[in-house]
Amino acid sequence: MAFDGIVVADLVHEFRNELIGGRIAKIAQPETDELLLTIKTNDGQRRLLISADASLPLIYLTDANKPAPMTAPNFCMLLRKHIGGGRIVDIRQPKLERIIHFTIEHLDELGDLCRKELIVEIMGKHSNIIFCTSDGKIIDSIKHVSAQMSSVREVLPGREYFIPDTMHKADPLTVDADTFTGLLKEKPMPVSKAVYTSFTGISPVTAEEICHLAGLDSAIPAKEYSEDILFHLYTQFTIYLSAIKEGRFTPAIYYDGREPKEFAALPLTHFDMYECREYASISEVLSTFYSTRSLLMRIRQKSADLRHIVQTALERNRKKYDLQLRQLKDTENREKFRIYGELINAYGYNVEEDARKLDALNYYTNEMVSIPLDPTKTPQENAQRYFAKYNKQKRTFEALSELSKETLEDINYLESVQTALDIALTEEDLAQIREELAGAGYIRRRFTKKKVRIKNEPLHYISSDGYHIYVGKNNLQNEELTFHFASGNDWWFHAKQAPGSHVIVKSNGAELPDRTFEEAGRLAAYYSSMRGSDKVEIDYVQKKHVKKPNGAKPGFVVYYTNYSLVIDSDISGITSCLSS
């Protein structure tokens, strides 16, 4: 996630439009490293969330409130004393650092007008919120940093505030062409890495984008490029960053299906493999991105036990299936033993006593065969021995054929559950998968006095031509969609020979346009184990041709006539909506 200087610049641009002139009405400290400021402006009340948490530092405007502790921490009390009721007169960002200065005007104890600085540093584990006088003297901070903790800078009351320049980076907004070229050439590393290690506020993602815009291979060191090519890179660099000076931000989140992969304040054209969704503000981007990521992370954590159960069962069944196939291979010679027995019965009358073999004509193939004999047994006993071997292997073959078929069905079923766990987005999805696994006997069912019906609906999309498309998220939902929701003339889609969702297009008796077939195919490809592939074969057929075999597991169907298409799994551009 690129919480870089460009994102901070967009935040400063937003804050200046929203908060300048506003008065700080409330100051709360909901968490140890977090502040929530309520600011009254001419346009209404705004809340500013500031977090200096080492694992996830954040700052953005939000509508959500958070409960504060009954007893306010010391830092919160100090801010209330000094800037409670104060007016925000300036918000700025030094160079392109991940730092925001809030200048707040307030009345001191004598009633004189004075100014203080609230400085927010969004720098990973070094993030902090520092309260200073107007001349840069630290009054206090939400995190104290002593000399024992850092040899670069102390953050303690009474110390001078300064920005540590440990990386000796240049200001990207003022750098000239010669300095730009010189900084890159002196670094023996890929050109993209040279860009983000040479200038403040530039993240690896932004550096990659600038190289992409310049048409350069970002993995090649800068010193291998000519002066003209590096000047071209500098031109793209300045054009890209000129949007910051002009305030032309386009906050967006880049999605892989429903999973947010990256956010940015300026376009990322090299992320063309993802769906780009633009938002009204960078605060909305940050709030949406981290809340969605948090939800997905929580779902993954909650599904860990189910994943372990499914993975363990899968490994056990795969080992069992491999063993069964090896044992089946051992029965391939069973017919040979039957033929040996028949040939001994046919030609054994002239076998000499104590003979160790019988050379006879195989009347099935018209070829001579040499049949090993046990010299201690009569020809009839040798024939019976071969017939016994044949019958044993025949019984083994018949039993293993059925068992291996059942084991393969179990493997396919468990793989489909694994895919459903990858698709799961809510706790209701997990609850339905848990119920399915309990019904299949893989886990114990949780008994309650009252049976609770799990309310869970399929994914719902609208095609470009206005047709409703529904996607099952697990096997129970697939079965419900296909056999209870869909009508006979609706169209059914599924990835060929791959675990995945059943996709139903409601045709309403009309003939579907080609574009709707393609979009339904993309959804079937995306919600399958083939997600991410450029070419996925999709089977599709009218629902009336889809049947469920007796005794089959949930979601398992058969069809004997179908159409096929090959398509990618890119679902960007297909409208998603709430299920009806």
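## A walk from strands to cores

In β16, isoleucine 469 is the bridge partner of tyrosine 461. Keep in mind that you're looking at a predicted model.

Let's stay with these strands for a moment. Tyrosine 461's strand and its neighbour, β15 (residues 459-462) and β16 (residues 468-471), run antiparallel and are joined over four bridges. Follow the chain from one to the other and you'll trace a hairpin, with five residues between the two strands. In that turn sits glycine 466, with a positive phi of about 90°. β16 has another partner too: strand β18 (residues 503-505) pairs with β16, again in the antiparallel sense, over three bridges. Here tyrosine 470 is matched with isoleucine 504 in β18.

Now hop over to helix α5, residues 204-214. Which of its residues are buried? They are Val205, Thr206, Ala207, Glu209, Ile210, Cys211 and Ala214. Their cover includes α1 (5-19), α4 (191-198), α6 (227-246) and β11 (259-264). Right after α5 comes glycine 215, and its phi is positive, near 75°.

Finally, let's look at the cores. In soluble globular proteins, nonpolar side chains tend to be buried together. In this model, the largest nonpolar core has 87 residues, and the ones touching the most other members are Phe3, Leu11, Phe15, Leu48, Ile59, Phe102 and Leu184. Pick out isoleucine 59: leaving aside residues up to four places away in sequence, its contacts include Phe3, Leu11, Phe15, Val120, Ile122 and Leu286. Apart from this core lies another one, made of 29 residues, among them Trp491, Leu512, Tyr527 and Tyr540.

Definitions and conventions
Residues numbered from 1 in each chain as written. Predicted model: local features only at pLDDT ≥ 70, side-chain atom pairs only at ≥ 80, totals over all residues. Heavy atoms only, no water. Buried < 20%, exposed > 50% of the residue type's maximum accessible area, 1.4 Å probe, protein only. Contact = heavy atoms within 4.5 Å. Pairing = 2+ DSSP bridges. Core = buried A, V, L, I, M, F, W, Y, C linked by side-chain atoms within 4.5 Å.
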